[in-house]
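The following exercises are intended for a reader who meets this structure for the first time. Please attempt each task before consulting its solution.

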Amino acid sequence: MNRDMSDVRRTRDGRPVHHWRRDVVELAALFTAVAAADAVANLVGHGPDGPALLVISALVLAATAGFHVWWARRPGHAPPVHRSDTGARPAVSTTRQAGPGPQAPGTEGADSTLWRLRTTVRDEPGSLAVLCAALAGHAVDILNLQTHPLGDGTVDEFLLRAPGPLTAGEITRAVAVAGGRDTWLERADAHDLVDAPTRVLGLATRTALDAAELPLALRQLLGRCTIRSLPAHPVGGARRPEAVPVEGVLEDTVMRLRAPEGGVITVERPYLPFTPTEFARARALVELDARLGPRVPHGQDVLTLPEGREITVRRADTGDVEAAKAMHERCSARTLGLRYHGPVGDADRYLNHLLSPRFGRTLAVQTASGRIVGLGHLLWDGDETEVALLVEDDWQRRGIGAELLRRLVGMAAEAGCESVYAVTQASNTAMVAAMRGLDLPLDYQIEEGTLVVTARLAAEPGSAVTALGRLSGAGEPDRTEAP
């Protein structure tokens with residue numbers, strides 16, 4: 001006889017205590033089974049219908065086994081899946097349903113679509129399970145999930161792979177029926193397949209290598225938003241920004257952070273409120289930038305002009321202000337007027353802002369003697385990007401401006417910018433020719449002699465725009481022929 005250890009009680013000194021009543025019942029059952037078996041054996045062995053009884057018994061047993069298998073496989077009577085229900089919010093793995101089929105990472109099949117979904121649910125046990133079940137009912141596969149706790153609920157952010165025919169309206173209706181509110185849905189791409197910790201670490205690395213990456217890192221971290229950097233001492237007599245405490249300010253769809261140099265970084269996303277989790281991540285990136293201080297990559301490229309002279313293209317920062325002022329003094333009033341569209345005497349006042357990596361990226365062209373003869377600026381202007389060029393008079397018409405513009409547009413493309421624009425005068429044919437030389441779709445707007453040329457950049461990786469190149473901070477310099 002087998003006995004479960006739960007049937008054995010023990011005294012205080014550890015000796016087992018047996019139940020004699022259970023032993024008597026088990027012996028009686030054994031004797032009854034032996035007697036029944038003996039009766040069946042006598043009936044089969046000595047009776048006239050013994051073989052027939054054996055065949056009938058085998059058929060009955062086979063039929064019973066078949067019925068049991070059919071009954072167990074019915075959907076309504078399938079064995080329950082074992083799960084641990086502790087009242088906590090379930091993990092994604094307990095609710096994920098089979099997708100439309102295996103796919104290569106970062107791709108969308110012909111019958112599936114990637115979506116980013118954000119919705120607010122009640123912070124109570126089972127609310128997330130109901131939402132996941134509603135998505136599973138439409139054959140939607142949950143690829144990733146992030147939770148942002150709030151005071152009166154939880155914001156759940158999903159990366160979904162849905163069947164191609166399933167529309168955005170059908171997904172949002174299913175979420176609403178499951179209890180989701182303030183739902184936001186947009187198409188996703190392969191970049192969203194990277195999990196949040198990996199993406200944040202990558203952005204932190206980029207910020208650590210280049211101070212100009214901070215606005216771009218914030219934009220990639222928070223999605224489509226407008227970022228403005230206001231210096232502590234604005235140029236042109238503008239009013240100083242309102243002071244922001246060290247811990248920053250979060251106001252629904254706007255967050256304000258203290259910039260490392262004392263100014264203010266304002267991030268605005270009108271269509272979707274920021275969560276405390278997003279605010280903490282953005283503040284951590286800004287604090288990292290502040291601790292590392294001003295920095296730019298030190299790589300440089302040596303180029304050969306058509307006449308055989310060599311120039312060097314490198315990143316510039318506020319350490320080049322004096323050299324840039326000296327170049328201004330060598331430029332004619334017409335050249336400075338075409339660049340700054342205003343009083344020429346005010347040009348030097350903007351150099352600290354233009355050369356600061358907090359507001360964009362600057363490329364400098366210098367001769368073999370170290371004299372700067374050209375500057376190219378890529379400036380973050382909210383959710384737009386401006387390019388501007390200045391080349392010393394004696395070095396114009398040698399392809400320097402076109403080379404600077406090509407590299408700046410390549411930087412903008414790699415930064416994920418959708419377009420760049422240049423503001424100049426209608427009479428500046430050199431700038432217009434350089435923009436046309438990019439071989440990109442251009443839009444022209446002119447008003448009172450001021451011309452704005454906008455170049456639309458291709459979004460696909462590996463396109464002609466991304467091939468324009470970018471000045472890196474490592475490796476041997478490339479020797480190329482400037483146009």
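**Exercise 1. Determine where in the chain of this predicted model confidence is lowest and where it is highest.**

Solution. Step 1: the lowest confidence in the chain belongs to strand E19 (residues 480-481), with a mean pLDDT of 36. Step 2: the highest belongs to strand E13 (residues 360-366), at 92. Step 3: for the chain, the mean pLDDT is 75, and 73% of the residues reach 70 or more.

**Exercise 2. State how many contacts the model has for residues 75-108, where pLDDT stays under 50.**

Solution. Step 1: counting beyond four places in sequence, the model has 43 contacts for residues 75-108. Step 2: a general caution applies, because predicted coordinates should not be read in detail where pLDDT is low.

**Exercise 3. Decide whether Phe31 is buried or exposed, and name the residues with which it makes a nonpolar surface patch.**

Solution. Step 1: Phe31 is placed in helix H1 (residues 20-46). Step 2: the cut-off for an exposed residue is a relative accessible area over 50%. Step 3: Phe31 has a relative accessibility of 58% and therefore counts as exposed. Step 4: together with Leu27 and Leu30, Phe31 makes a nonpolar surface patch of about 320 Å².

**Exercise 4. Describe the surroundings of Val254 in strand E9.**

Solution. Step 1: strand E9 comprises residues 254-258, and Val254 lies in it. Step 2: leaving aside residues up to four places away in sequence, Val254 touches Val249, Thr266, Val267, Glu268 and Phe274. Step 3: Cys225 is 29 residues from Val254 along the chain, and the C-alpha atoms of the two are separated by 9.7 Å.

**Exercise 5. Explain why strand E14 (residues 372-381) is described as largely enclosed, and identify how it pairs with E13 and E15.**

Solution. Step 1: a residue is buried when its relative accessible area is under 20%. Step 2: nine of the ten residues in E14 are buried, so the strand is largely enclosed by the rest of the structure. Step 3: E13 and E14 run antiparallel and are joined by seven bridges, with Gly360 opposite Leu379 in E14. Step 4: these two strands form a hairpin with five residues between them, and Gly370 in the turn has a positive phi of about 95°. Step 5: E14 also pairs with strand E15 (residues 384-391), in the antiparallel sense over eight bridges; here Gly374 stands opposite Val391 in E15. Step 6: two residues lie between the strands in the hairpin of E14 and E15, where Gly382 takes a positive phi near 65°.

How values were computed
Residues numbered from 1 in each chain as written. Predicted model: local features only at pLDDT ≥ 70, side-chain atom pairs only at ≥ 80, totals over all residues. Heavy atoms only, no water. pLDDT = per-residue confidence, 0-100. Helix = DSSP H or I, 4+ residues; strand = E, 2+ residues; numbered from the N terminus. Contact = heavy atoms within 4.5 Å. Patch = residues over 30% accessible without salt bridge, like charges linked within 9 Å, V, L, I, M, F, W, Y side chains within 5 Å. Areas by Shrake-Rupley, 256 points an atom, 1.4 Å probe, with all protein chains shown as cover. Salt bridge = Lys/Arg side-chain N within 4 Å of Asp/Glu carboxyl O. Buried < 20%, exposed > 50% of the residue type's maximum accessible area, 1.4 Å probe, protein only. Pairing = 2+ DSSP bridges.
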